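Visitor: I am new to this structure and would be grateful for a guided introduction.
Guide: Certainly; please look at the sequence and the structure, and then put your questions.

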Amino acid sequence: MPSLKDIKTQINSVGSTKKITSAMKMVAASKLRRSQEKAEAARPYSSRLEEMLSSLATSASSGEGIIKLLTGTGEDQNYIVVPVSADRGLCGGFNSSINRETFKLVKKLKSENKKVQLLPIGKKSRDFFLRTLKENITDSFIDTNVSSAGYNIALEISAKLQSLYFEGKFDKCILVYNKFKSAISQEVTQQQLIPLDISNKNNEDKSNETESSNKAIYTYEPDEETILQDLLPKNVSIQIFKVLLESDAGEQGARMAAMDNATRNAGEMIDSLTLKYNRTRQAFITKELIEIISGAESI
Amino acid sequence: MAKISFDLVSPENLIFNDEVGMIIVPGKDGDIGVLPGHSKLISSLRSGRVMVYGENKDLLKSFFVSGGFAEVNPEKCIVLGETVEEMNSLDKNSIEKEIQELQNKDTDESKQQILIANAKIEALNASFYEKI
């Protein structure tokens, strides 16, 4: 039977854990608000860009050079998968769900005899794939810290991807990331980044209609092709930026939920330990009383 | 006089959003003046100044954008800038210093940055459209 002192130390240590988790929860909550604001602020740009792109997309015939970002290489053999995770843990299933999903995707692609490369973003997924699929890793980005570094980090990643693409290192690029649904729920999402997948954004028939009507009205300067050549690389960066921001907000949300849970569990544990403490104390007192009384009786 | 709504957006946030009298944007093939009722237009931009005027053609604000896009329709003008800075916040000396540092490096990236920095200097020196 544990002594009273043992239980007391246990209560104290659970108590300090609780303090830490509740502090982390508070920090995550304020960071979440900031990340959400950032994601919100980035929305007008990306939605405008998408609109412009969809109105221009029909004018692209299969071509050489930059247009390939839209039309693809015409092959379907080499894949690059980009899992986007956090740099730090203690955020529930946030990182492991990304890793699991990516792992499944890689396996599936491999079973279809495709060549797969990995370009993990974030320490947690990099470390995971260094352990499991080391030979597939092309490059990695860690300490992205998008909420302070901003757009530049997205530019860097997109430049890397595009240079690999135009060297012919891969035909398709798929991002795996946590989509921010609400403060407490994230959804693991796969998004095809290169070649641009317009069909998943709109209902294809509908978008085609609006595109053709838009095209008739707008004047393009210098001309559609030139604008498209500027627009496509920028779109890749913006998509990455958006994904990074969403993942950042998701991470804070996941951490907040995880820490909230931990705080609650610690509270429950303290309650049950306190109960145990009181019972033990009571038992000791009763035992002592019995000893005294039986001692007195025997005299 | 009529007004046109003007949005200036950078990837990180919405920088300017108001009703204005006229905007001049640095189109790739030359500057474009946008008045209310402008015909529909999509243009890509070079690095340069975006000038915002009030109803009486008084200069409200000027920004520096390093490339981007503009979308214009009769009621609205939207400029998507790659990076956006207010002209007042640019300092000629520090930009010149930056150029010198960049010239020592010889990478694709630094060449790009030199182009942008030169455009900044040019924009600072330019005095057209200050008064209309």
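**Helices, strands and a contact between chains**

Visitor: Which strands of chain A does helix 3 lie across, and at what angle does helix 3 run to strand 1?
Guide: This is a predicted model. In chain A, helix 3, formed by residues 94-111, lies across strand 1, strand 2, strand 3 (172-182) and strand 4. Relative to strand 1 of chain A, helix 3 of chain A runs at about 175°.

Visitor: In what order do the strands of the open sheet in chain A stand, and which stand at the edges?
Guide: The open sheet has 4 strands in chain A, with mixed pairing and the order 2-1-3-4. The twist from one strand to the next averages 25°. Each edge strand has a single partner strand, so one side of each is left without a neighbour in the sheet; the edge strands are strand 2 (115-118) and strand 4 (185-194) of chain A.

Visitor: In which sense do strand 1 and strand 2 of chain A pair, and which residue stands opposite A:Val81?
Guide: Strands of a sheet pair through backbone hydrogen bonds, and the sense may be parallel or antiparallel. Strand 1 (residues 78-83) and strand 2 of chain A pair over 4 bridges, in the parallel sense. Opposite A:Val81, in strand 2 of chain A, stands A:Leu118.

Visitor: Is helix 1 of chain A roughly parallel or roughly antiparallel to helix 8 of chain A?
Guide: The axes of helix 1 (residues 4-57) and helix 8 (residues 224-298) of chain A come within 6 Å and cross at roughly 160°. Angles over 145 degrees count as roughly antiparallel. Helix 1 of chain A is therefore, with respect to helix 8 of chain A, roughly antiparallel.

Visitor: What is the handedness of that crossing, and how do the residues of the contact divide?
Guide: The crossing of helix 1 and helix 8 of chain A is left-handed. The residues of this contact divide into 15 polar, 14 charged and 31 nonpolar.

Visitor: Which strand of chain B gives the most to the side that touches chain A?
Guide: In this contact, 21 residues of chain A meet 19 residues of chain B. At least two residues each come from strand 5 (41-45), strand 8 (68-73) and strand 9 (76-81) of chain B. The most, 4 residues, are given by strand 5 of chain B.

Visitor: Which residue of chain B stands opposite A:Thr219?
Guide: Strand 5 (residues 219-221) of chain A and strand 5 of chain B run parallel and are joined by 3 bridges. Opposite A:Thr219, in strand 5 of chain B, stands B:Leu41.

How values were computed. Residues numbered from 1 in each chain as written. Chains lettered and ligands numbered in written order. Predicted model: local features only at pLDDT ≥ 70, side-chain atom pairs only at ≥ 80, totals over all residues. Axes fitted to C-alpha atoms, helices over the stretch in contact; angles between N-to-C directions. Parallel < 35°, antiparallel > 145°, perpendicular 65-115°, else oblique. Left-handed = near helix turned anticlockwise from the far one by under 90°. Nonpolar A, V, L, I, M, F, W, Y, C, P; charged D, E, K, R; others polar. Pairing = 2+ DSSP bridges. Contact = placed C-beta atoms within 7 Å.
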